[in-house]
2 protein chains.
Amino acid sequence: MSIEDTFDALFKALGHRARRRILDLIKDGPKTTGALCEKLTDLDRCTVMQHLSVLEKTGLVVVERRGRERWNHLDALPIHDVQKRWIGAYAAHAVAVIESLDALAETDAQSPDITAPPQASIAMRQVGSRSKTS
Amino acid sequence: MSIEDTFDALFKALGHRARRRILDLIKDGPKTTGALCEKLTDLDRCTVMQHLSVLEKTGLVVVERRGRERWNHLDALPIHDVQKRWIGAYAAHAVAVIESLDALAETDAQSPDITAPPQASIAMRQVGSRSKTS
DNA sequence: TAATCATGTTATAAAAATACAACATGTCAA
DNA sequence: TTGACATGTTGTATTTTTATAACATGATTA
């Protein structure tokens, strides 16, 4: 499995609120599947288990069996990896854009160059309206 | 749209390598759709546009039209938000686990308590084998 | 202005994800 | 050992995502 496959799986795993809720529930300590189902009353037990298996495949949840119980542990290390190799770079990029805009704001108005791909004009718009589409 | 919807959309958007490739391609400056298609030779032009529209809906891509061209700009600010509100907390959690393990390694061997939910034992396993499942 | 070019739109097939039902298995406790 | 309990497995209907085809539009330029 390539590193890109790993990122695919991790982002997809985090891309469902039920799974993020599960991670939140076991953040401060492992829980049994039954305990999780009691919290996630809006979901069927089978659905919870399916989400757990998705999380387990990504390594975000580590399972330990104790008799007839299944204790679901959080392993946040994969998220740490995502943070380091992916999110961090883009978050830094965002900060850099903001800072460059602050610098721009100092210099202010510049003659618009229609020939070059415009970066600042868009960036200005971003800061002006941070509201998302739809 | 709730904040959880936003996270759903963002993680899902990042959960496809084609979209991450697109973001990489426009990280250092905007590109036209045509320019992107030239780079993503393994994908149909329509598919690239569909991915772009997914990215646009999340706010990760901001579109600017210039005549018959469409310039796709990166807006990394949503990723910065994810980093702040979500990834950061878990990444910190991972680091905390590692550090607590370092501390544990000092004290070392402890009597296993079968009554309490075991945390350390699993955590030890995590450090022992960082390899992911499958 | 007519051909070309870059992009946009609509429809659709195929694949994957989601939610759940029904049934199966292994464990514990009386 | 027997019944309750926690979990596991398999199958399936529904929805969403992905990839593409076919056609449309609006801007350039020869």
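The following questions and answers concern a predicted model and its contacts with DNA strand C.

Residues are numbered from 1 along each chain as its sequence is written, and chains are lettered from A in the order in which they are written. In this predicted model local features need pLDDT of at least 70 and side-chain atom pairs count only at pLDDT 80 or more, while totals for chains, interfaces and linings use all residues; side-chain values use heavy atoms, without hydrogens and water.

Q: How many residues are around DNA strand C?
A: A residue is near a strand if one of its heavy atoms lies within 4 Å of it. Among those that come nearest are A:Gln50 and B:Arg45. By class, the surface has 2 nonpolar residues, with 8 polar and 8 charged. The number around DNA strand C is 18.

Q: Which residue has a polar side-chain atom 2.7 Å from a base nitrogen of DNA strand C?
A: A polar contact is a pair of N or O atoms within 3.5 Å. The side chain of A:His51 has an N or O atom 2.8 Å from a phosphate oxygen of the strand, and a backbone N or O atom of B:Thr33 lies 3.2 Å from a phosphate oxygen. The base nitrogen lies 2.7 Å from a side-chain atom of A:Gln50.

Q: Which element supplies the largest share of the surface near DNA strand C?
A: Helices (H or I, at least four residues) and strands (E, at least two) are DSSP runs, numbered from the N terminus. Elements that each supply at least two residues include α3 (33-39) and β3 (69-74) of chain B. The largest share, 4 residues, comes from α4(A).

How values were computed:
Polar contact = N/O pair within 3.5 Å; in protein donor to acceptor, adjacent residues only side chain to side chain. Nonpolar A, V, L, I, M, F, W, Y, C, P; charged D, E, K, R; others polar.
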